Amino acid sequence: MGELVRLSVEHGVGVITVQNPPVNALSPGVPEGILQGLEQFVSDHAVGAIVLIGGGRTFIAGADIKEFGKITSGQKRRGPGLTTVIQGLETSQKPTVAAIHGHAFGGGLETAQGCHYRVALRSAQVGQPEVKLGIIPGAHGTQRLPRLAGVKKALEMCAFGNPVSAAEACESGIIDRVVDGVGYDDLLAGAVAFATEMVAKGGPHPKASEQDQKLGTPEEAAPLCEAARALVRKKRRGHMAPLKAIDAVAAAVSLPFPEGVKREAEIFRECLFSTQSKALIHAFFAERQVRKVPDIPKGFPARDVRSAAVLGAGTMGGGIAMSYANAGIPVRLKEVTQEALDRGVAIIRKNYERSLKRGRFTREYVEQRVALITPQTGWDGFDEADIIVEAVFENMALKKEVFHQIDGIARPGAVLATNTSTLNIDEIASVTSRPEDVIGHHFFSPANVMRLLEIVRGAKTSKEVVATSMALARSLKKVGVLVGNCHGFVGNRMFHPYRREAQFLAEEGAEPSRVDRVLYEFGAAMGPMAVGDLAGLDVGMRVRKEAPHLYPPGTRRPLAEDALCEMGRYGQKTGAGWYRYGPDRTRHEDPAVDELLKRIAAEHGIEQRQISDDEILDRVVYALVNEGARILEEGYALRSCDIDIIYLYGYGFPAHRGGPMFYADTVGLDKVLERVEEFRGQHGHWWRPAPLLKQLAAQRSTFKDWDQSR
Ligand code: T1G
Ligand code: NAD
């Protein structure tokens, strides 16, 4: 305990410093330490005020999330809970001041709300991000925050979980003073000076729990809560915690403080034991786990990437160049013809202008970013770039030609990346004199928006180039996931059976719009048919043509999309695909598609039947899971959580389901296997269960356990 919290006295002010790196989470021992320090300073006559501060780079990032898994519903808490500490800070006879730098998140901000005063460095952020973990603030944040900041601000912060800057927090009453300076020492000096002023001013010192002026009436709060609920339903579709957080904030207005905190506690427990919360906490740790590569320890030497060059200014190249520019990295963008270059640059401009209009960027920011992109048709500067990213057409002969050229131009030590979505990285690398520098950087469309970056390790890719790519992903604000070099890598390899089953279902009589609806209701951003139309049905058709091994003789192959392509229906870009598209891309069901499906079924002897929503969901999602299990046992993904992150960040899989592999765990792998076997009985070949799925189901184990056993 002594290690976790340090006590000192500065100019007559007692300083409680939390020392629980890296983020000063409120792990067991921390609340106890704070309380002990508080009691000691309250009874110390030489101390006039108390400052609570975080050691290292941050204040307190909240409760220790690792502890959540250990809490069972009936368990009693050991020692004083966080709320006891918070109450102690608020009822202290001597003024208490929270000194915030880095982050005051979750229980950290709630602890600060217990203090009489809060000061913060300008760079600090405060927030109640609990909803992102499927829970709500559980240490009275939903009750004190509306009293400090008003109901509207508290709803925003508690229901969406987004952080607020120190300046904004000061404006809304969460923070009393912004302290100038840059680090811990400046903050401590500012906080001690502030505390000394408060001692001189004298009490009574404000208690957030007693300040009701900003709460207003339940009648005034009702429309604010309704508006917040409507926004949540739109932006966090299917998520339970944000709606619950709104209920808890509403209780702050309708109930006296002691009753409000009881209501908050009830709601908090309801959320904590939910599957949604488990899934979101899984996703939180998974996002951090994927940064870890077993054979590349932390701190492994990585190369600096200070300049980049991109080949191809099409859909992907333009977005990739924007990603570099947005990270402040100058980037050259090369096309074959001036015409193609102008087209690419115009799209980049349009994208930035759109962000400007939406208020995401300022004009100054946009101009700075655009200035970092140098469009060109020649090779100028490619010999100096730290990384060259190839994003030309998906064609092996062309990629080889381009890599041969790059090899002749790039400086020694440059990373040579390809954005191919299916081609063999080793074959591409083989035409260069330095296959150790070649790696796949599989961005997702639109590359400037989508956060996933599959980093594809070739057989000869050096560890240094992998480490450089993983670090680079973070600089580009992407989530980098290391995968192996197989057809479609991880994401698209799994997406293939997912979309195949969706087509089979349509051919068997499930209306395409119903297939989409089922997936949408499951929480997916878009159903498989709508996604097909967005990406272009011709893409899948080309894959089926160019990779015949995907459909060995005697296996059933999907027919509908090839037939749609033959009718010129490539999806949104031709105004029709699975759906017909009106102006502004409005989607309409199309009887012509239903007729086509019936015709295909009749011609190929496919039985048309009533198909339940459950079958639709299980067939498409378990197709993902079964292929995911194969990928794991073949070693193309490091862990099942890597697959989950790929699906959460690259394919719009609903976050509150935790990813396909975690979802299968929550269903129970024995149940998943049973269903897979059932589908195998009905549909044959494609449903052979992955051996790993069989093994784990037999052991009554989970993919998560499998990850941990390795
Ligand atoms: N508990 C446990 N571990 C945590 C943690 C936490 N709250 N926050 C971070 N870590 C670990 C993380 O797993 C990683 O570990 C390392 O710290 C560095 O994190 C009562 C119920 C603070 C903005 O949701 O948002 O309070 O991978 O890589 O980019 O109402 O961490 O190195 O082994 O993310 O500098 C609410 C979650 C909890 C904050 C820092 N709090 N954390 O970002 O570092 S619920 C949160 C973050 C709660 C109360 C309730 C970010 C960060 P490893 P990092 P970063
Ligand atoms: P695209 O057709 O939009 O753009 C390709 C561009 O490359 C064209 O503008 C073309 O003029 C240019 N080009 C061709 N040869 C060139 C050369 N020798 N030098 C410079 N430029 C050249 O294609 P895209 O969708 O951007 O795809 C590019 C790559 O990214 C492909 O490998 C594709 O598989 C991959 N990818 C695409 C997506 C997607 O959703 N579109 C997603 C991930 C990866």
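Helix H15 contributes more residues than any other element to the shell around ligand 2, namely three. In this predicted model, H15 spans residues 396-409, and two further elements also give two or more residues to that shell: helix H12 (315-326) and strand E15 (438-443). The shell around ligand 2 holds 21 residues, of which Met316, Glu335, Glu394, Lys399 and Ser421 come nearest.

What kinds of residue surround ligand 2? By class, nine are nonpolar, eight are polar and four are charged.

Individual atom pairs give a closer view of this site. The side chain of Glu335 places an N or O atom 2.5 Å from an oxygen atom of ligand 2. Ser421 likewise uses its side chain, where a polar atom lies 2.6 Å from an oxygen atom of the ligand. Val392, by contrast, takes part through its backbone: one of its backbone N or O atoms is 3.4 Å from an oxygen atom of ligand 2. Taken alone, ligand 2 exposes 830 Å², and the protein buries 78% of that area.

The second site to consider is that of ligand 1. Its shell consists of 30 residues, and those that come nearest are Ala61, Ala63, Gly107, Glu110 and Arg288. Which elements supply at least two residues each to this shell? They are strand E5 (103-105), helix H3 (107-114) and helix H11 (275-289). Among the contributors, H11 gives the most, with three residues. Gly107 and Glu110, named above among the nearest residues, fall within the range of helix H3 (107-114), while Arg288 falls within that of helix H11 (275-289).

The composition of the shell around ligand 1 can be described in the same terms. It divides into 16 nonpolar, five polar and nine charged residues.

Several contacts with ligand 1 involve the protein backbone. A polar backbone atom of Ala61 lies 2.8 Å from a nitrogen atom of the ligand, and a polar backbone atom of Ile65 is 2.9 Å from a nitrogen atom of ligand 1. At Gly138, a backbone N or O atom is found 2.8 Å from an oxygen atom of ligand 1. How much of ligand 1 does the protein bury? Taken alone, this ligand exposes 1000 Å², of which the protein buries 81%.

How values were computed
Residues numbered from 1 in each chain as written. Chains lettered and ligands numbered in written order. Predicted model: local features only at pLDDT ≥ 70, side-chain atom pairs only at ≥ 80, totals over all residues. Heavy atoms only, no water. Near = heavy atom within 4 Å. Polar contact = N/O pair within 3.5 Å; in protein donor to acceptor, adjacent residues only side chain to side chain. Areas by Shrake-Rupley, 256 points an atom, 1.4 Å probe, with all protein chains shown as cover. Helix = DSSP H or I, 4+ residues; strand = E, 2+ residues; numbered from the N terminus. Nonpolar A, V, L, I, M, F, W, Y, C, P; charged D, E, K, R; others polar.
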